[in-house]
Amino acid sequence: MMRFAYRAATFLAGPLLRRHLAARVKIGKEEPDRLAERFGISGLARPAGRLAWMHAASVGEMQSLLSLVTGLAGREPGLHFLVTTGTVTSARLLARRRPPNVLHQYLPLDRAAWVARFLDHWRPDFALFLESEFWPNLLGQTAARGIPMALVNGRLSARSLAGWRWARPFIGALVAEFAVVLAQDEIQAARLAALGATNPQTPGNLKFAAEPLPADDAMLAGLRDATLGRDVWLAASTHPGEEAIVATVHRALAPGRPGLLTILAPRHVERSAAIAAELKAAGLSVARRSAKDPIAKTTEIYLVDSLGELGLFYRLAPVALVAGSYRWQGHNPIEPALLDCAVVSGPRVANFQDIFDRMISAEAVTIAAEAELAVTLDRLLSDPRPAAMRASAFAQREAAGILQRVLIALDPVVGEKSHIPGKGGPRARTSVPEMPNARA
């Protein structure tokens with residue numbers, strides 16, 4: 001009954017969803033020339049042969065997805081990949097790092113007709129959903145077509161679990177359609193099981209298996225020349241309210257560290273103009289990367305308002321604050337750890353609690369309250385190597401064998417014969433001929 005009601009509601013909401021997308025175009029959150037993809041209309045042909053469909057909601061899941069693409073391609077060289085995402089930022093990031101056998105589309109909004117059009121065109125041989133994307137029409141129609149599905153690196157916040165519990169029979173039936181559920185850790189496995197997942201496994205957090213974020217060697221060399229002899233630290237993935245914290249810390253450290261350069265990389269670059277204005281109003285000298293401003297000797301804050309370049313600045317700065325941990329719920333600390341940074345975070349890290357707990361036990365991260373941040377950074381800038389070595393050793397130790405364990409666990413879904421829940425066992429998978437593009 002609830003599934004029917006949801007489908008009816010999303011059908012009736014069609015005009016509202018169209019207006020919603022049009023509004024997102026105006027603020028840069030949708031690409032106007034690719035808006036048709038949100039209605040399930042593709043301008044790309046389906047490649048012949050086996051096609052893996054992989055969905056990552058946004059940038060946070062993209063690194064894990066790329067490592068999985070590499071692993072699957074190594075096991076089946078002829079496999080093609082369709083990657084879907086829901087944000088412009090993730091699409092642009094993938095465009096910069098996309099392997100040649102990967103196609104990208106925006107995920108259609110969860111309206112039955114649009115989902116059906118998408119599935120009719122692409123006809124994937126299997127589907128892998130990363131982390132926590134539960135769209136009822138999408139999951140229901142994918143399962144109804146006999147397409148094997150897996151949830152990979154699954155996670156579910158306590159708040160989301162509480163929110164779904166009112167609809168436990170509805171969402172439980174959908175989650176049970178996953179032939180394989182791989183959770184990030186035991187806490188996440190328990191939450192997913194409570195939601196209705198069958199036998200969730202914990203082969204390890206796939207974020208550890210991600211390749212280090214890339215960087216252009218020539219750009220890195222130029223930045224090192226421009227900052228030679230200066231103390232440098234990075235505040236990565238800041239959220240509203242945290243730029244003021246960064247400015248306060250910079251002013252506290254600067255008298256004792258002449259020439260101090262603070263690099264600030266906001267989580268959402270569309271906020272960069274407002275951030276620059278805020279920092280200048282605080283009396284700080286700001287250079288913006290998007291404007292190609294040079295890092296002058298007088299530059300105090302270098303605002304990295306560009307996409308896909310954190311790997312460059314994690315390599316440049318010996319000390320990195322993983323922000324979003326004072327005004328949000330934390331971001332991925334593995335990325336700086338893999339690049340030999342001394343890693344610092346605020347105390348609000350619920351989105352990555354298990355990783356932070358293990359890093360704290362290994363002394364691989366320093367948790368600093370807002371009032372302690374300046375003192376913590378000053379100490380680490382004096383000698384970052386011991387903390388950086390502990391962070392790097394932890395990340396490498398945790399990464400060992402994870403990708404291989406994930407691939408083995410996924411074999412019932414990704415293999416040539418894939419198990420379909422409730423369909424009586426394995427089903428042979430066959431390639432399909434190319435099909436003309438679907439019409440609106």
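Here are some questions and answers about a predicted model.

Reader: Is Arg 289 buried or exposed?

Author: Let's start with where this residue sits: Arg 289 belongs to the loop between β9 (286–288) and β10 (301–303). Its relative accessible area is 16%. Buried means under 20%, so Arg 289 counts as buried.

Reader: Which side chain makes a polar contact with the side chain of Arg 289?

Author: Good one to look up in the structure! Leaving aside neighbours within four places in sequence, Arg 289 is in contact with several residues, including Met 219, Leu 223, Asp 305 and Glu 309. The polar contact between side chains, at 3.0 Å, is with Tyr 302.

Reader: Which helix gives the most to the largest nonpolar core?

Author: The largest nonpolar core has 46 residues, and Leu 65, Leu 68 and Leu 72 are among those with the most contacts inside it. One helix, covering residues 59–75, gives six residues to this core. That helix, which gives the most, is α3.

Reader: How many residues are in the other core, the one with Phe 134 and Ala 167?

Author: This core lies apart from the largest one. Besides Phe 134 and Ala 167, its members include Leu 139 and Ala 197. Its residues number 31.

Reader: Which elements give two or more residues to the lining of the largest cavity?

Author: There are two cavities of 30 Å³ or more, and the largest has a volume of about 80 Å³. Its lining includes Gly 60, Gln 63, Ile 334 and Leu 338. By class, the lining has five nonpolar, four polar and three charged residues. The elements you asked for are α3 and α14 (334–338).

Conventions:
Residues are numbered from 1 along each chain as its sequence is written. This is a predicted model: local features need pLDDT of at least 70, side-chain atom pairs count only at pLDDT 80 or more; totals for chains, interfaces and linings use all residues. Side-chain values use heavy atoms; hydrogens and water are left out. Helices (H or I, at least four residues) and strands (E, at least two) are DSSP runs, numbered from the N terminus. Buried means under 20% relative accessible area, exposed over 50%, partly exposed in between (1.4 Å probe, protein chains only). A polar contact is a pair of N or O atoms within 3.5 Å; within protein, one must be able to donate a hydrogen and the other to accept it, and residues adjacent in sequence count only if both atoms are side-chain atoms. Contact means heavy atoms within 4.5 Å. A nonpolar core is a set of buried Ala, Val, Leu, Ile, Met, Phe, Trp, Tyr and Cys residues joined through side-chain atoms within 4.5 Å. On a 1 Å grid over the protein atoms alone, a cavity is a set of points where a 1.4 Å probe fits but cannot get out, and a pocket is an open set with protein on both sides within 12 Å along at least five of seven lines; lining residues have an atom within 4 Å of a point. Grid points are joined across faces, edges and corners, and a volume is the space filled by probe spheres set on the points. Ala, Val, Leu, Ile, Met, Phe, Trp, Tyr, Cys and Pro count as nonpolar, Asp, Glu, Lys and Arg as charged, and the others, Gly among them, as polar.
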